[in-house]
Amino acid sequence: MPIDDAIVEQVRAAVQTDRLLDTAMRLIEVPSPTCSGAAVADRMAEILTDDGFTVERPEAGWPESPAVAVRFHAESSGRTIQFNGHLDTVHLPFVPPRVEEGVLYGSGSSDMKGGIAAMIEALRALRDSGTLPAGSVLLTAHDLHEAPWGDGSQVDRLIDAGFVGDGVLLPEYLCDRLPVIGRGLAVLSVKVSRRGEPVHEVLGGSEQPSVIRAGADIVLRFEKLDDELARKTHPLAGRESLFIGQIQAGEIFNQSPIVLELAGTRRWLPGTSADDARKQFHEILAEIAEQRGVEIEGDFRFVRDAYEISETDPLAEAFQDAYSAVDGQPLTVGAKPFVDDGNTFVHRGGIPAVTHGPNATGAHTVHEEVPVEELVRVANVYALTAIQYCGE
Ligand SMILES: [Zn+2]
């Protein structure tokens, strides 16, 4: 159902670019590498308190940096929409915030303090314009998102503690599609070792169990498995996979090494169990260890599970109405190429999640940038989605 033009106009008028930008700069200027998010969470709480909101600080399993939560209720009851973001940034040299010719730069401007500022501005716009017809908004922000430093557990604990809406929006830097499916991800690492010391090839080295030979077996077996996984496909999300991105062994050309290390990823579709994938990985390694007389330690580090939502879910429909009101047409439905906390909300919390953020670039680099007008657009889309979703 299209959103009334007058409502769209009221929201547009209530979103204040300067206020949004000031919030973004104040969040970016506080460095917050994953696991060190306390100061920026305090900053965000201060901004929201100064704005007149009542701020809760649930520890959510991470007392070093309690999460930030705000609830805003309309007069009558209805659905609760959640806006959720992560305040932590990847571990790279800090880049302070600056704005040049309408573009915001700095650590986290793309991923995702710019997006968090937009969701805060959406909340303010809803309050200031009085346009939320029913229901409520729950705004949450947390630490421990970025792998490999964070394990995603603070958002797990937030969900467990009931800090959830009926549907959730996440302002990650994805804006060219409405993601309704995403693959699960585990990071794989394997360490092959043999007993004894490194030794010259002609002084007994060639008689040692070869960690390199075992590594070659692993590569071939993983490739065979990857071929099998290629048959499990989804029209939007693509195929399951096992990918090897790193391998290393040996010090010099004529010495028998004692260690080989290998790392990669395993991605799976909804319907595949992460535990089964883990079991399969360990079985292959155990077999090769036995055959080659080496020790093999495998680590299947679960990151996020696969998820899927219906494109006719009320959240997806409300989002499309909001997106159309701002952009003139709905977004193409597609898959989410990366994993994020949306996977967790769907899988752990049973809550539909839509990832949508600014058209920003440079995530996970020192060259993050986002056009200010994109942040304003996201604030409008979030506020209008709330109006459409909560008021139904
Ligand atoms: Zn992010």
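Two strands are said to pair if DSSP finds at least two bridges between them. In the predicted model described here, strand E4 and strand E5 (residues 103–105) satisfy this criterion, for three bridges join them and the two strands run antiparallel. Within this pair, Glu100 has Val103 in E5 as its bridge partner. The two strands belong to an open sheet of three strands, arranged in the order E4-E5-E20 with antiparallel pairing, and its edges are formed by strand E4 (98–100) and strand E20 (369–371), each of which pairs on one side only. From one strand to the next, the twist of this sheet averages 25 degrees. Helix H10 packs on the sheet, where it touches E4, E5 and E20, and the direction of the helix makes about 65 degrees with that of E20.

Helix H10 also takes part in the nonpolar interior of the model. The largest nonpolar core has 112 residues, and those with the most contacts inside this core are Ala122, Ala379, Tyr382, Ala383 and Ala386. Helix H10, which spans residues 372–390, gives the most to the core, with 12 residues. The core draws at least three residues from each of domain 1 and domain 2. For Ala383, when residues up to four places away in sequence are not counted, the residues touched are Val11, Ala122, Ala125 and Leu126. In soluble globular proteins, nonpolar side chains tend to be buried together.

The protein chain is divided into domain 1, which consists of two segments (5–182 + 306–390), and domain 2 (184–304). The centres of domain 1 and domain 2, taken over C-alpha atoms, are separated by 37 Å. Where the domains meet, 13 residues of domain 1 are in contact with 13 residues of domain 2. On the side of domain 1 that touches domain 2, at least two residues are supplied by each of strand E8 (178–182), strand E17 (307–308), strand E18 (333–336) and helix H9 (341–349). The residues on this side of domain 1 comprise seven nonpolar, five polar and one charged.

A further open sheet has four strands, which follow the order E13-E15-E9-E16 with antiparallel pairing. Strand E13 (241–249) and strand E16 (295–304) are its edge strands, each pairing on one side only. Neighbouring strands in this sheet are turned against each other by 15 degrees on average, with direction ignored. Strand E9 (residues 184–193) pairs with E16 in the antiparallel sense over nine bridges, and Ser189 stands opposite Asp299 in E16. Helix H6 (residues 211–229) packs on this sheet and touches E9, E13, strand E15 (259–268) and E16, while the direction of the helix makes about 165 degrees with that of E13.

Beyond strand E13, Glu251 is found in the loop between E13 and strand E14 (255–256). Glu251 is classed as exposed because 11 other C-beta atoms lie within 10 Å, and a residue counts as exposed if this number is 12 or fewer. Although Glu251 and Pro198 are 53 residues apart along the chain, their C-alpha atoms are separated by 8.9 Å. Glu251 touches both Pro198 and Pro257, again not counting residues up to four places away in sequence.

Methods: Residues numbered from 1 in each chain as written. Predicted model: local features only at pLDDT ≥ 70, side-chain atom pairs only at ≥ 80, totals over all residues. Core = buried A, V, L, I, M, F, W, Y, C linked by C-beta atoms within 7 Å. Buried ≥ 20, exposed ≤ 12 C-beta atoms within 10 Å, placed from the backbone. Domains from an automatic or database assignment. Contact = placed C-beta atoms within 7 Å. Nonpolar A, V, L, I, M, F, W, Y, C, P; charged D, E, K, R; others polar. Axes fitted to C-alpha atoms, helices over the stretch in contact; angles between N-to-C directions.
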